[in-house]
Amino acid sequence: MNSEELWQRHQRYLCRAAALGLALDISRMRFEDGFFERMTQPMQRAFEAMDALERGAIANPDENRMVGHYWLRAPERAPTPEIATAIRKTVTDVKSFAAAVHCGAVRPPSAARFSRVLSIGIGGSALGPMFVADALGQPANDRMTIEFIDNTDPDGIARTLEGLTGRLGETLCIVTSKSGGTPETRNGMLLVAEAYHAAGLDFPRHAVAITMPGSKMDRTATEQGWLSRFPMFDWVGGRTSVLSAVALLPAALQGLDIDGLLGGAAACDEATRQHDLWSNPAALMALMWYHVTDGKGRKDMVVLPYKDRLLLFSRYLQQLIMESLGKQLDLQGRRVEQGLTVYGNKGSTDQHAYVQQLREGVPNFFTVFIRVLESGGSAQEVEAGVTAGDYLHGFLLGTRAALFENDRESMTITVPRVDARVVGGLIALFERAVGLYASLINVNAYHQPGVEAGKKAAASVLALQGKVAAAISPTPQTAEAIAAKIGAQDQVETVYLLLEHLAANGRARMVHLAEPGQAAFVRT
């Protein structure tokens, strides 16, 4: 295409959400003539399914649950007054608690006030809050400094706690777990509670729970007298919980604009709720996903935000999109093995990383550029008439052009700046696109059987580890011998790997270092 044709396509295929200041340009996607006409009926069915979901229909048939993350920013749309009241109360309680912490009305026993927040969670209980904190935080001006523990890695937990040495007494700890039984979060909580104890501090006097009412964690927090408890709702999944107390509480404590987050999401919902395709950026995005992947996930999505504040956006989107769309079965139980792989970092870092492959390597991807108009920071010129922000914007436009010249497809999302309203809008945009695309490919976007299968497999491995540890004796034994001893002859490889792990951590000893089949282990 020549420059005039591209200019005409840009004007024709630019979709603006004026209330949010957001625009989606699909002109660099090479959809064929007749694509939109062919997809009219499937898209209408997707709109109808989304309408039913927002009205409170059972949208997760596997668990017989409603799916209501859209109500979090529009409680008046909730299907019952009780749900609307619970949403509004949670936001009010979050603001009140944060204000009480900031003024010292809620304070630690050994300090004048809390100055730091330590948030413990996993998956959606960590990725969303981390993204919001990094995108909107301003270390010099934030009301409180925030740190995260988002894994069951003891070394990672220790590193985070080392950074709080001497400051635990003024650190408020948020523990987020829907059930209270999620192993990673539970383990982090136990190690952190022990660190408080070792420092002579009473952990419950520093702790807040975000969990389902009546859950194991809710009972623990009540019995131990934690500072406060905030609800997670049965009808909100972890990956769509970012605009619930899960991220609103840490954001409010950090001093961020949670009203802006909710308002931006609500404005984007309004723009993407309408059935007019050409003014609905989420619908257009979902259709472009369908076009470029043939509705079967055949290409990866590379997310390239040209803004440091959006560095964690691709990590957040990985869970939102891949956990929602990566399904073996469709809604009728047929094997389809669907999904959409997501990765990305940020521009212009990627100019020196994998853009070379994107332009000239395997064409197994499409790109979503995120363009931020206001540069922010210093306006100092680094060359005559050119700022660092001009360079960043130039790299985006140049990379977009270079990819298109080599038949690589891309979309571009343009936003005015990175503020709370825009971040809320970006979250809502992709949430809606995921829901619409799931309808187009006929999968349940709101369950995660693969995650549950992984949890069950991990539990069985830990049960096997207990048997392996009990079977180690003072007499050297191979993995095969120990597997036979505990009746696990069909799991010799796993037994060996467990023995190797136990030996590396001083809970067994390898006395005969050899190939796996000949290595022998004894009790320490």
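Contact here means heavy atoms within 4.5 Å. The model is predicted.

Start with Leu429. This residue sits in helix H15, which spans residues 420-441. Its relative accessibility is 0%, so Leu429 counts as buried. Which residues is Leu429 in contact with, leaving aside neighbours within four places in sequence? They are Leu22, Cys268, Thr272, Pro281, Ala282, Met285 and Ile413. Pro474 lies elsewhere. Leu429 and Pro474 are 45 residues apart in sequence, yet their C-alpha atoms are 61 Å apart in space.

Stay on helix H15 and turn to charge. Side chains of opposite charge can pair when their charged atoms come close. Glu431 forms a salt bridge with Arg73, at 2.7 Å from N to O. This pair links distant parts of the chain: Glu431 belongs to helix H15, while Arg73 lies in the loop between strand E4 (65-66) and helix H4 (81-103). The two residues are 358 apart in sequence. Are Arg73 and Glu431 buried or exposed? Both are buried. They also belong to a network of salt bridges. Its other members are Glu54, Arg77, Asp269, Glu270, Arg273 and Arg432.

The whole structure holds 26 salt bridges. One of them joins the side chains of Arg30 and Asp407, with N and O 3.4 Å apart. Here too, the pair links distant parts of the chain, 377 residues apart. Arg30 lies in the loop between strand E2 (22-25) and helix H2 (35-38). Asp407 lies in the loop between helix H14 (388-405) and strand E15 (410-415). Arg30 has 35% relative accessibility, so this residue counts as partly exposed. Asp407 is exposed, because its relative accessibility is 54% and the cut-off for exposed is over 50%.

Another salt bridge pairs Asp294 with Arg298. Their closest N and O atoms are 2.6 Å apart. Asp294 counts as partly exposed, at 41% relative accessibility. Arg298 is exposed, with a relative accessible area of 55%.

Now to Arg239, in the loop between strand E9 (228-231) and helix H9 (245-254). Its relative accessible area is 6%, and therefore Arg239 is buried. What does its side chain reach at 2.7 Å? One partner is the backbone oxygen of Ala445. A polar contact, also of 2.7 Å, joins the side chains of Arg239 and Glu323. Beyond four places in sequence, Arg239 touches a longer list of residues. Among them are Gly124, Tyr316, Gln319, Leu320, Ser324 and Lys327. The list also includes Tyr446, His447 and Gln448.

Helix H8 covers residues 216-224. Which of its residues are buried? They are Met217, Asp218 and Ala221. These residues cover an arc of only 105° around the axis, so they lie on the same side of H8. The cover over them includes strand E7 (171-176), helix H7 (183-198), strand E8 (207-211) and E9. E9 is also the strand before the loop that holds Arg239. After H8 comes Gly225, with a positive phi near 75°.

Finish on the surface. Val382, Tyr391 and Phe395 make a nonpolar surface patch of about 260 Å². Val382 is placed in strand E13, residues 381-383.

Terms used:
Residues numbered from 1 in each chain as written. Predicted model: local features only at pLDDT ≥ 70, side-chain atom pairs only at ≥ 80, totals over all residues. Heavy atoms only, no water. Patch = residues over 30% accessible without salt bridge, like charges linked within 9 Å, V, L, I, M, F, W, Y side chains within 5 Å. Areas by Shrake-Rupley, 256 points an atom, 1.4 Å probe, with all protein chains shown as cover. Salt bridge = Lys/Arg side-chain N within 4 Å of Asp/Glu carboxyl O. Helix = DSSP H or I, 4+ residues; strand = E, 2+ residues; numbered from the N terminus. Buried < 20%, exposed > 50% of the residue type's maximum accessible area, 1.4 Å probe, protein only. Polar contact = N/O pair within 3.5 Å; in protein donor to acceptor, adjacent residues only side chain to side chain. Arc of directions from axis to C-beta.
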